[in-house]
Each structure stands twice: as structure tokens, then as C-alpha cells.
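Biologist: Got a minute to go through this one with me? I'd like to start with the empty spaces inside.

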Amino acid sequence: MSVSHENSHLAPTAVGQRQVWRALGGLCLGTLVCFANTTAFNVALPAISISLGANEMAQQWMVSAYNLVFAASMLLSGTLGDRWGVKRTLILGTGIFTLASAVGSLAPNCEVTIAVRGLMGLGAGLYVPMALALIRRMFDADAQLRALTMRSIAITLGVPFGLVLGGLLVHLADWRSIFAFDIAAFAVVTLLSALLIPRDESSPCEAPDTGRLPLLSALLALFGLSLLSAGLINAQASLAAPDSWGLALAGMAALALFAHHDLRSTNHLAELALLRIPSFASASLSLLALNLAVSGIMFVLPPYVETALGNDALTGALMLMPMVAAAMAGAALVQPAARRLGKRGACIGSLAIIACGLTIMGVSTLAVGYPLMAVGQCVCGIGMGVGFSTMQGWGMEQVPSERSGGGSALISTFQQTGCLLGIGCLGSLVGTAYASACAGSAAEGPATISMAFELASTRDVAQGQAMRVAAGEAYAHAILVTFGVTAVVIILMAVVIAWWSGSRRLGQEDHAGG
């Protein structure tokens, strides 16, 4: 891939330190809003279904379209950033996000809403990797970890903030007010970015590279992720159905074809060659594992803390705040952990901590209830707080500066793909375990705990209570199974990452010594 010199270092001395940190504030605000949008629509779906007559599949795609295009467009963001300029690409992302939000506020039907959500995902996919690349360029080595920590806090806050924001806006106004909030927030982000972020510096001898974009690679990546996402969505109803595993396998085949084509193309979309760097490959896989766990937790727990425990959406969202508070506390431990354990050790340790938290939360559903679950959330939150910024810093530390846009895009793609896999895989697992636990009980029949509780309200007191108890116990069992399996998967991934990064590092040292 041709790389423009306009994206050479944006030296910290180019602007005052106050301006740089203010620019970081704008980047963090935009990042928070992008990740808040992954969950804000979840609590608004009942209102949307009434307003637009959206069935269950349409509601799933309203949520998934954003995450899907978000993940797929991150690779295109890296290409645009390295060719056209990081700041220019970031501003393009904010413009697309704002325009799509404006159209969404007037969406007349499900189809337009789904399309708008995908367009918002495109804006977010262009914005988020460039925000990471700018941190690399605006801050020196000593300040980078602090800046990355602030960004990781914004990401950590984004998902639960979206739940609270969606519930609050729907309660106070209307589901379309979520789009109004996005318009206002990104208007501020665009203004701060335009005024405070250092401009892309062009070489006097070389203009930006405006060659053709690798659209075939981009379409293959989007096609593969779309099929994989569709398969995972269908797996929530039946894991054995051909439209579940068949679509998922087709998606993986398309992604393999994308990788094969892009590696051999002279016009790359992704900096896949960076995966030969042990720290980059290991950190990317670590971020995928972390986000798989976190997004799965945020997808699985709301029905438990709301429906099973008898709370409204806003109260349920607040019951997920212990994980957020612990993540912020964990972020304060990033530098001590990195100094004591090294970035590699801190990343692997954070995955082990998350697996421990998942186990505690699963066990809490047996009898103890929410207090022990809050403890498990805190343990997970500490692992998240230590892991996010450390993994990003570890991954990018050996990436050449002129390839930082592509590197940021690729590592962010792994992160967002983890979110897709977390929602799809954990959603499928909890749905299958719930249906199995309901078999032969008073809750047998309804596909979800929410449907069971809704049906229970139409029965007499004794029957309704029996159905609610059976559904609550079945969902608690499903969480135990799902979190237990996920904890084992995270531990196995941590072991693989430890072995891979250690063996490749020793191999490089031996090669250098020879």
C-alpha cells in the first residue's frame, strides 16, 4: 500500500500541551458516543417496535447493522488515514455520523432505520481508529500510556452509558431523541477536532496519495462479516440450523478469501503484514478476547438484572455500574502493572482476572444473587481497566509511525470483531442453555425470559408466579453455563497468547543473536 508522507509525526511541540490534552478530551467524547451507540438502541427496541412495527429480526438488525459496519469499515479507515490524512479521515467520520443521525431522527420505517444505523457504523468505523492513531502521533512515549488510559475509560464507559442514556431518553422523550443526542454530541466533537487537532502535515515534494481504493477487499471483508454476523444472529434461535452454521462457515470462508486476496494485492486494504510482529498479533488477539467477554456480559446480564430481578431498564443499567467503576479503578493501575509485569504480563494477567470475574458472576446465580454478582463485576472491571490501554500500547509499540493509521485500524477491527463474536456466541449459548433448562417446566414454550414474564402476566396468580420462578431459575442456569464456558475460553486464549508471544519473542532474539 502506498503511504503518504503527510502522515509523518505530528510532533508534540507543534501545539501547546494544553491544546493537545483538550484535543484528547474531544477524541474521548467522540469515542464514548461511538461505543455508547452499541447499546443505546437495546433499551429503545420495545418503543421502536411499537412506533415502526418492527418484528424481532428487524430489531436485531437495527442493533447489528451498526456493529457490523463499524467493524468492517475500520480497515478502510486505516487506508484512508494513511493516504488522505488521519485528521481528514477523522473529520469525514464525524460528518457521516452526524448526517446519518439527522436522517435517523426522521426515519419513517424499519428499512431506513437499519440503513441509517449502518451508515452511523461507517462514521464510527472511520472515527475510532483515527482517534487511536492521533494519540500515537500527538503524545510522546511517556504521555501515550496516560492518553491511552483516558481513551480506554471512554470505551469502558461507553457501553453501560449507552444503556443508561437510552433508557433515560426513551423515558423522558422518545426513541428518536437518541439520534438528537448523537447530533448534538458529534457537532461538539467535530468542532473540537477541527480547532484543536494538529493538521495533517504534507511533504512539500509529495502530495497525498489519491490512488484507487481497495474496494474489492473492502467488499469481501464486509460480506464475510455480514454472513458471520447473520449466522450468529440465527444461532440464537437454533444453533443446528443450516442458516446458522452454514452462514457462519460461509462468512469465515469469505474472510479467508479477503485475507488471501489482500495479502497478494498491490493495493492493500489492511496492514495484515503487521500480524508478523509478535506483540501486535498477540495484543490484537488479546483485545478480541477482552471485548468478546465484555460485550457478551453486557448482552447477557440486562435481562437478568431487569426481568429476572424485577427492575426497570434504568435501574437495571445502574446495576451494571460496579463493573464500570472497577474498570476506572483498574485504569489507574495500568502504569504500575506495566512497570511490574511488563505489557505482555499485564495483558495476559488481565484476561485471567476477567475469567475469574466471569466465574464469580456465574456462581452468584446459584443462590447468593446480586451482591456476589456485583463482586464478580468488580473483578471483571479491574481486568478490563488494566487490559484495554495496555493491550493497545503493547500492540502499537513496534508499529512504524508511517503505518500507524493502518495498524490502528487493524487492531481496532480485532476489538470490534470481538464485540460481534461476544454478542453472537454468548447470545446463542445463553439462548440454548435457557431453552434446555425450561424444558418440562412451567416456563417451557416462550423463547426468552422476557416473553415468559410477559406471558405470565396474562395467567392467573399461581400460574403466573410459577412461570416467572421457572423462567428466572432457567435464565440463572443459562448464565452459569454461559459464563463458565466463556471463562474457560478466555483462559485458553490467554495461554495461547502467552505461548505465542513468548516463543516468537525468543525466536526473534535468537535470530538477532545469530
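Modeller: Sure. The largest cavity has a volume of about 210 Å³. A cavity here is a set of points on a 1 Å grid over the protein atoms alone where a 1.4 Å probe fits but cannot get out, and lining residues have an atom within 4 Å of a point. The volume is the space filled by probe spheres set on the points, which are joined across faces, edges and corners.

Biologist: Which residues are the closest to its centre?

Modeller: Thr-38, Thr-39, Val-159, Ser-295 and Cys-419, out of 19 residues that line the largest cavity. Before we go on, this is a predicted model: local features need pLDDT of at least 70, side-chain atom pairs count only at pLDDT 80 or more, and totals for chains, interfaces and linings use all residues. Numbering runs from 1 along each chain as its sequence is written, and side-chain values use heavy atoms, with hydrogens and water left out.

Biologist: Which helix gives the most to that lining?

Modeller: H10, with five residues. Helix H1 (17-40), H6, helix H10 (278-308), helix H14 (370-396) and helix H15 (404-438) each supply at least two. Helices are DSSP runs (H or I, at least four residues), numbered from the N terminus.

Biologist: How many charged residues are in the lining of the largest cavity?

Modeller: None; the lining has 11 nonpolar and eight polar residues. Ala, Val, Leu, Ile, Met, Phe, Trp, Tyr, Cys and Pro count as nonpolar, Asp, Glu, Lys and Arg as charged, and the others, Gly among them, as polar.

Biologist: How many cavities of 30 Å³ or more does the search find?

Modeller: Two, over the whole structure. The second largest has a volume of about 30 Å³, and its lining is Leu-225, Leu-228, Ser-229, Leu-232, Leu-420 and Leu-421. Helix H8 (215-235) and H15 each give two or more of those residues, with H8 supplying the largest share, four.

Biologist: OK, pockets now. What's the volume of the second largest one?

Modeller: About 370 Å³. Of its 18 lining residues, Leu-255, Phe-258, Thr-413, Phe-414 and Thr-417 are the closest to the centre. A pocket is an open set of points with protein on both sides within 12 Å along at least five of seven lines.

Biologist: And what kinds of residues line the second largest pocket?

Modeller: 16 nonpolar, two polar and no charged. H15 has the largest share of that lining, five residues.

Biologist: Switching to the outside: which residues make the nonpolar surface patch?

Modeller: Leu-168, Leu-172, Leu-314 and Leu-318, together about 360 Å². Helix H6 (141-172) and helix H11 (313-318) each supply at least two of them. Patch residues have over 30% relative accessible area and no salt bridge, with nonpolar side chains (Val, Leu, Ile, Met, Phe, Trp, Tyr) joined within 5 Å.

Biologist: Is Leu-314 buried, partly exposed or exposed?

Modeller: Leu-314 is partly exposed, at 32% relative accessible area. Buried means under 20%, exposed over 50%, partly exposed in between (1.4 Å probe, protein chains only).

Biologist: Last topic. How many salt bridges does the structure hold?

Modeller: One. Lys-343 and Glu-397 meet through their side chains at 3.4 Å, N to O; the definition is a side-chain nitrogen of Lys or Arg within 4 Å of a carboxyl oxygen of Asp or Glu. Lys-343 sits in helix H13 (residues 334-364) and Glu-397 in the loop between H14 and H15, 54 residues apart.

Technical notes: Patches are made of residues with over 30% relative accessible area and no salt bridge: like charges are joined within 9 Å, nonpolar side chains (Val, Leu, Ile, Met, Phe, Trp, Tyr) within 5 Å. Accessible areas come from the Shrake-Rupley method with a 1.4 Å probe; for residues, only the protein chains shown count as cover.
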